[in-house]
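Here is a friendly walk through one structure, from a helix to open and enclosed spaces and finally to the cysteines. Please have a look at it first.

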Amino acid sequence: MDHHFPRTTIAIVGGTGPQGGGLGYRLARAGHEVILGSRDGDRAAQAAVDLSKLPAVETTVRGDTNTLAVANAEIVILAVPYEGHADLVGSLAADLDGKLLVSCVNPLGFDRHGPYGLDVPDGSAAEEAVRIVSGATVVGAFHHLAAPLLLDPGADLSHEDVLVCGDDTEAKTRVMALAADVTGGRGVDAGRLRMARQLEPLTAVLISVNKRYRTRSGVALTGMPQPTPEKVIA
Ligand SMILES: NC(=O)c1ccc[n+]([C@@H]2O[C@H](COP(=O)([O-])OP(=O)(O)OC[C@H]3O[C@@H](n4cnc5c(N)ncnc54)[C@H](OP(=O)(O)O)[C@@H]3O)[C@@H](O)[C@H]2O)c1
């Protein structure tokens, strides 16, 4: 696989869940060092053992408390439910300072009519993280990749577009390269971080479609230049 950036150490906060585990699996397969984080270090260690047994994992996957995972990584992926998100990010604020923080958090509600996007006071979960940890560089990505597909060693995800939003050009370029590592396809520059207000609740549409068609839908844009430029448009 073509790497635009050196392989790096990536912590996944909430790495014991399906989304964190799935992203961790794909990143480990691409050769990155992955540290799964949890509120409980033992639970993370067990999740790391389980993940290491999946096919084609190229590197060691470790497990640790969220705090130590973040402290030992250069890039941090937030893969926790929106419920409790603010408290958790606040509790990690000192360690997150200066890090590249990638949020795939989707603030969703569910009622008898199905899924819907929650009203978030800061606009989006990604912007909430910025407010809480102003010293981290926050990028939004991976909102629309389904965890069961990430965790399925045989699933080809190269047709999925990973929409990436952020206010820091260098960080966004880096996350677009990570997106290509995760899917084998492309990351797409979706614009400024405030686009997370649209990207996060879009997942409610995908879940709604999934229920109706008994599938796992994803996002793929039409009308993109071929090949897609790998740079971010300022
Ligand atoms: N599942 C998907 O297909 C999918 C797809 C795209 C995006 N996402 C987004 O990715 C995030 C994670 O999804 P998921 O399905 O993996 O979620 P999950 O299984 O409900 O939670 C992931 C992990 O977060 C930790 N956690 C749970 N509640 C917490 C709380 N109140 N405070 C701190 N940590 C807590 C738990 O780890 P410990 O108990 O070990 O600490 C849990 O294993 C969500 O925001 C979701 O919207 C999910």
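## Helix H1, empty spaces and cysteines

Just after H1 comes Gly31, which has a positive phi near 100 degrees. Helices (H or I, at least four residues) and strands (E, at least two) are DSSP runs, numbered from the N terminus. This is a predicted model, in which local features need pLDDT of at least 70 and side-chain atom pairs count only at pLDDT 80 or more, while totals for chains, interfaces and linings use all residues. Residues are numbered from 1 along each chain as its sequence is written, and side-chain values use heavy atoms, with hydrogens and water left out.

H1 covers residues 18-29, and its end C-alpha atoms are 16 Å apart, in agreement with the 16 Å expected for twelve residues at 1.5 Å a residue (the expected span is 1.5 Å times one less than the number of residues). Ten of the twelve residues of H1 are buried, so the helix is largely enclosed by the rest of the structure. Buried means under 20% relative accessible area, exposed over 50%, and partly exposed in between (1.4 Å probe, protein chains only). Among the buried residues of H1 are Gln19, Leu23, Tyr25 and Arg26.

Gln19 also appears in the lining of the largest pocket, where Gln19, Ala79, Val80, Pro81 and Asn106 lie nearest the centre. H1, strand E2 (33-38) and helix H4 (85-91) are among the elements that each supply at least two lining residues, but H9 gives the most, with four.

On a 1 Å grid over the protein atoms alone, a cavity is a set of points where a 1.4 Å probe fits but cannot get out; a pocket is an open set with protein on both sides within 12 Å along at least five of seven lines, and lining residues have an atom within 4 Å of a point. Grid points are joined across faces, edges and corners, and a volume is the space filled by probe spheres set on the points.

| Space | Volume |
|---|---|
| Largest pocket | about 990 Å³ |
| Second largest cavity | about 50 Å³ |

The count comes to two cavities of 30 Å³ or more. Residues lining the second largest cavity include Phe142, His143, Glu160 and Val219.

What about disulfides (pairs of cysteine sulfur atoms within 2.5 Å)? The whole structure has zero. Cys104 is in no disulfide, and the nearest cysteine sulfur, that of Cys165, is 12 Å away. Cys104 is buried at 6% relative accessibility, and Cys165 is buried at 0%.

How values were computed. Disulfide = S-S within 2.5 Å.
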